[in-house]
Amino acid sequence: MFITFEGLDGSGKTTQVKELTSALRAQGHQVLLTREPGGTEIGDRIREILQDKANTAMTAQAELLLFCASRAQIVAEVIRPHLDGGGIVICDRFADSTIAYQGYGRGIELDLLYAIIRFATGGLQPDLTLYLDITPEEGIARRQQASLFGEEFSRIDQMALEFHRRVQQGYLALMAAEPGRWLRIDAAQPSAAVQADIRAALTAQAGMAF
Ligand code: TYD
């Protein structure tokens with residue numbers, strides 16, 4: 001089973017996937033948790049380039065190919081072998097992020113993106129995708145709050161509200177196109193309620209027990 005989490009920056013995915021992974025492991029499941037970009041030695045180095053605020057000259061094309069290079073590596077090196085071994089893979093962002101951010105956010109042609117993504121992933125697609133839903137305004141407010149406690153804004157984090165609105169539109173379009181794969185979770189709730197909703201959704205949709 002390949003489960004991905006998507007959402008705007010500040011939607012709280014990272015906290016939620018960690019909690020979910022611990023709960024599933026406690027049930028005896030073989031769970032691999034990864035994040036994009038990164039998750040492999042090569043991918044983590046690509047991640048540093050992508051996040052570095054000094055890289056103001058990075059073109060949208062270079063950015064796209066770096067995300068997809070990191071993805072090609074993690075699919076081949078980590079995700080496919082784990083799935084082949086019968087385990088559960090939970091990924092904090094996957095190809096839908098590329099459609100939402102590089103497609104809707106940056107305006108790269110969608111057909112082109114789908115072809116590059118297919119090349120990078122060999123056609124691997126998530127069985128289920130959970131969308132942690134918050135407004136772009138809430139996402140920015142949360143990240144500003146986090147930055148008061150020392151968390152740095154990354155290169156993409158600091159994009160304007162308008163950019164994040166387009167990304168949200170992208171996610172809404174993806175969900176509408178493939179309603180059977182997506183589960184929408186209200187991520188504006190307190191963290192514990194979000195986690196409870198995630199587990200309830202996975203129980204209902206995939207028969208997972210917690
Ligand atoms: P990260 O710190 O992992 O953010 P988050 O915790 O919100 O996932 O940074 C990932 C950033 O990269 C985030 O702003 C989304 C963006 N991104 C893309 O633009 N395209 C992609 O294909 C992926 C995977 C991420």
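A residue is taken as buried when its relative accessible area is under 20%, and in this predicted model Thr98, at 1% relative accessibility, therefore counts as buried. Thr98 is placed in helix α4, which spans residues 95-105. Beyond the residues up to four places away in sequence, Thr98 touches Leu64, Cys68, Arg71, Gly103, Leu113 and Ile117.

The protein chain as a whole comprises eight helices and five strands, and these elements follow one another along the sequence in the pattern β-α-β-α-α-β-α-α-β-α-α-β-α. The radius of gyration of the protein chain, 16 Å, is close to the 17 Å that the globule rule gives for 210 residues, so the chain is as compact as a globular protein of that length. Taken along the principal axes, the C-alpha atoms fill a box of roughly 45 × 35 × 35 Å. When contacts between residues at least 6 apart in sequence are considered, 77% of them join residues that lie at least 24 apart.

With regard to burial and surface, 46% of the 210 residues of the protein chain count as buried, while the accessible surface comes to about 10,000 Å², of which carbon and sulfur atoms account for 53%. The charged groups of the protein chain consist of 20 positive and 26 negative charges, and the mean positions of these two sets are 1 Å apart.

In soluble globular proteins, nonpolar side chains tend to be buried together. In the present model, the largest nonpolar core has 27 residues, and Phe2, Ile79, Phe94, Val167 and Tyr171 are those with the most contacts inside this core. At least two residues of this core are supplied by each of α3 (60-84), β3 (88-92), α4, α5 (110-121) and α7 (161-177), and α3 contributes the largest share, namely six residues. A second core, separate from the one just described, has 20 residues, including Leu24, Val31, Ile88 and Ala201.

Val167, one of the residues with the most contacts inside the largest core, is in contact with Leu8, Ala100, Tyr101 and Gly105 when its neighbours within four places in sequence are left aside. Helix α4, as residues 95-105, thus appears in the description both through the buried residue Thr98 and as one of the elements that each supply at least two residues of the largest core.

Methods:
Residues numbered from 1 in each chain as written. Predicted model: local features only at pLDDT ≥ 70, side-chain atom pairs only at ≥ 80, totals over all residues. Heavy atoms only, no water. Helix = DSSP H or I, 4+ residues; strand = E, 2+ residues; numbered from the N terminus. Rg over C-alpha atoms; globule rule 2.2 N^0.38 Å. Buried < 20%, exposed > 50% of the residue type's maximum accessible area, 1.4 Å probe, protein only. Contact = heavy atoms within 4.5 Å. Areas by Shrake-Rupley, 256 points an atom, 1.4 Å probe, with all protein chains shown as cover. Lys, Arg positive; Asp, Glu negative; His and termini not counted. Charge placed at Lys NZ, Arg CZ, Asp CG, Glu CD. Core = buried A, V, L, I, M, F, W, Y, C linked by side-chain atoms within 4.5 Å.
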